[in-house]
Amino acid sequence: MSVFSDSENSDAADWLDVEPDEEQITFVSLFDAETFASIEDLLTHCKTRHAFDLVATVHRLRLEFHDAIKLINFIRACTRKGKNLPDALSAEDFADDKYLKPVLENDAVLFSLGEILNEESGNPEPESSQPSASLESRNKELEAELAAVKERFASYRLAVEETLDKRWGDENEAGNLAKEKKKDSSDYYFESYAYNDIHETMLKDEIRTDAYRDFIYENKQLFEGKVVLDIGCGTGILSMFCAKAGAAQVIAVDRSDIIDKARENVFNNGLAGIITCLRGAIEDVKLPVDQVDIIVSEWMGYCLLYEAMLPSVLYARDKYLRPDGLLVPSSATIWVAPVRDSEYVTDTVSFWRDVYGFDMKAMQECIYDEARILTMPPAAVCGKPYPFKVLDLHTVKPEDLFFTANWESQVTGDTDSLDGFLIWFDNFFANSRADKLPEPETTPQNFVRRKPGYVAFTTGPYGKETHWKQGLLLQPPAQLNVPQPRLSGRIVFSALEENARALQIQLTWSEQGQEEKDRTWKLK
C-alpha cells in the first residue's frame with residue numbers, strides 16, 4: 001500500500017482557503033453550542049445571553065490581530081473545560097502562545113476578526129457621500145480589504161507554525177534526532193490509521209457500521225443527556241452517532257493523525273458544541289471529565305484480538321466508566337472450526353510446484369507459519385464450530401486476553417483429511433449491564449430476539465462478509481483415521497515477543513485415542 005507522510009504538506013492542507021465562496025458560513029458561540037449565520041448575531045448572543053461584549057473587550061484591551069486570536073481561543077478553551085472567564089479579564093490571561101492554535105477547527109469567528117477589530121475603532125468607514133461613486137471603485141476597496149485579510153491570516157499561520165515548531169523542538173538537533181529514532185510497532189500501528197483507505201474500508205463495512213448505528217439509535221434513551229467516551233474514534237462516525245442520539249457530551253480520542261479529520265467532520269456537521277476531539281493514547285490524554293456514562297469503541301482486530309487495542313478500552317473502563325456505566329459492545333465470542341478446501345490448497349500451495357513449467361517449491365517455505373485473513377466459503381467448514389472463548393467486556397481483565405482454552409468439534413460429511421482451522425468472532429451489544437451474558441453458543445440471530453434494542457453480528461463464514469473476514473490456520477493436509485471423528489485439543493492466544501500488537505495462535509488437536517498434533521501460527 002502506498003502511503004504519503006509529508007507532515008508539512010499535511011499541515012498546510014489543514015488551513016482554510018480565505019478565498020470567498022458560496023458556502024454558508026456557520027459561527028459557533030464562544031460559550032455554548034448555539035450556531036449563527038452571521039458574526040453580528042453571534043456577538044449579540046454573547047452580549048445578551050452571556051453578558052460578554054467581545055468587541056468592547058478587544059478594544060478595551062487594545063488587542064492587535066494575533067492577541068485577538070489568542071483571546072478567542074482562550075475563551076473557547078475555558079468553555080471546553082467548563083471554566084468561567086476571570087472576573088477581571090486581562091491580556092495576561094491569554095498571553096501564552098499556545099492560544100494561537102485554534103481550539104475549534106475552521107473557526108469562522110477567527111476569519112471575521114477584521115470586522116471585529118475595525119468595529120468601533122474610532123475610524124469607522126463612512127457611508128459614501130457621493131451617489132456617483134462608481135461600482136468599480138467599491139470593488140477596488142473590497143479587493144484591498146480581502147488582500148489585507150489574506151495578509152493577516154498568512155501572518156497568523158506563520159506565527160502558529162513558528163511557535164509550535166519552536167515548542168516541539170522541530171528546529172533543534174534534539175527534535176531532529178527524535179524524528180529519526182527507530183519507531184516501535186505502536187508507531188506504525190497508529191500511523192496506519194492516519195490515511196483514508198483503512199477508514200473507507202471500515203465505513204463501507206455495513207455489518208460493522210450498521211451495528212453501531214442501530215444500537216445507538218435504537219437505544220437513544222441510554223445516550224440522552226449522557227457523557228460518552230469514544231476510544232479510537234477514527235473519522236468520528238461513532239461519536240457523531242452518539243451526539244445525534246442525544247448525548248450531552250462526547251469525548252473522541254485517537255492517537256492517529258486521523259483525529260484532525262475527525263475534528264473537521266465534527267465541525268462540518270455542526271456538532272462541535274457536543275463532541276470534543278483529543279489527540280493521544282487514552283492512557284496519556286487528560287479527559288475534561290472525571291467519569292463517563294458510556295464507552296463506545298470499535299476495538300476489534302483480526303481474530304478479535306489482533307492489534308491489541310482492547311487493553312486500552314479496559315484501561316479507560318477502569319479509570320473513567322461509572323460503576324453502572326455501559327460498554328458498547330458488551331461482549332464477544334471467538335469460534336474455531338476445522339476446514340477442508342482442496343481448491344484453495346491447490347491455488348496457494350500446490351501452485352508453487354509448477355509455475356510456467358518451473359519448480360518453485362522453495363516459495364513454500366514458511367507457508368504454514370502465518371495465519372491468513374480471508375473469507376472462506378461455508379462449504380469449506382467440515383466440522384461443528386466451537387465457541388472457545390467468551391469475553392465479558394465489563395469484567396474481563398487485561399491478563400485474560402492471552403489465554404489457553406479447550407476446544408472440540410465433530411467432523412461432518414465425508415471429509416477424509418483436514419487442511420486447517422478457521423477462527424472468527426461474534427459481537428454482542430446489550431443495552432443493560434445487568435442483563436445476563438450470552439451463553440457461549442448463542443448466535444447473533446438468537447441474541448437479538450431476546451430483547452428490544454439488542455444488536456449483534458458475526459464475522460463468520462455463515463454471515464455476510466465483513467472487513468475482518470476470518471483467520472485461516474493453514475496446515476499440511478492431515479489424514480483422518482476414521483469417518484466423522486470427534487476432535488479435541490487446546491488453543492492458545494499470546495502476543496509476539498517482538499511485537500505486542502501482533503498475535504500468536506497455537507493449536508493442538510487429535511482424534512479420540514490418537515496422537516496429538518501441534519502447530520503455531522503468527523498474525524503480524
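In which strand does D254 lie? The points below address this and related features of the model, which is a predicted one.

1. Placement of D254. The residue belongs to strand β4, which comprises residues 249-254. Its relative accessible area is 9%, and since buried means under 20%, D254 is classed as buried.

2. Surroundings of D254. When neighbours within four places in sequence are set aside, D254 is in contact with G232, C233, G234, I259, L278, R279 and G280. For C233 there is also a polar contact: the side chain of D254 reaches the backbone nitrogen of C233 at 3.3 Å. D230 is 24 residues from D254 in sequence, and the two C-alpha atoms are 8.6 Å apart in space.

3. Strand β6 and its partners. Strand β6 spans residues 292-297, and 6 of its 6 residues are buried. Strand β3 (residues 227-231) runs parallel to β6 and is joined to it by 4 bridges; in this pairing L229 stands opposite I295. Strand β7 (residues 321-328) is likewise parallel to β6, with 4 bridges between them, and here I294 of β6 faces L326 of β7.

4. Connection between β6 and β7. Helix α14, residues 310-320, forms a right-handed β-α-β unit together with β6 and β7.

5. R317 in helix α14. This arginine is found in α14. Its relative accessibility is 9%, and R317 therefore counts as buried. The side chain of R317 makes a polar contact of 2.9 Å with the side chain of D318. Not counting residues up to four places away in sequence, R317 touches I295, L327, L393, H394, T395 and V396. One of these contacts, I295, is the β6 residue that stands opposite L229.

6. Geometry of helix α10. This helix covers residues 206-218 and has 13 residues. At 1.5 Å a residue the expected span is 18 Å, and the end C-alpha atoms are 17 Å apart, so the two values agree. At the start of α10, a side-chain oxygen of D205 comes to within 3.2 Å of the backbone nitrogen of I207.

7. Buried face of helix α10. Which residues of α10 are buried? They are R208, T209, A211, Y212, F215 and I216. Because these residues cover an arc of only 155° around the axis, they lie on the same side of α10.

Note on methods: Residues numbered from 1 in each chain as written. Predicted model: local features only at pLDDT ≥ 70, side-chain atom pairs only at ≥ 80, totals over all residues. Heavy atoms only, no water. Buried < 20%, exposed > 50% of the residue type's maximum accessible area, 1.4 Å probe, protein only. Helix = DSSP H or I, 4+ residues; strand = E, 2+ residues; numbered from the N terminus. Pairing = 2+ DSSP bridges. Right-handed = clockwise from strand over helix to strand, strands pointing away. Polar contact = N/O pair within 3.5 Å; in protein donor to acceptor, adjacent residues only side chain to side chain. Contact = heavy atoms within 4.5 Å. Expected span 1.5 Å × (residues − 1). Arc of directions from axis to C-beta.
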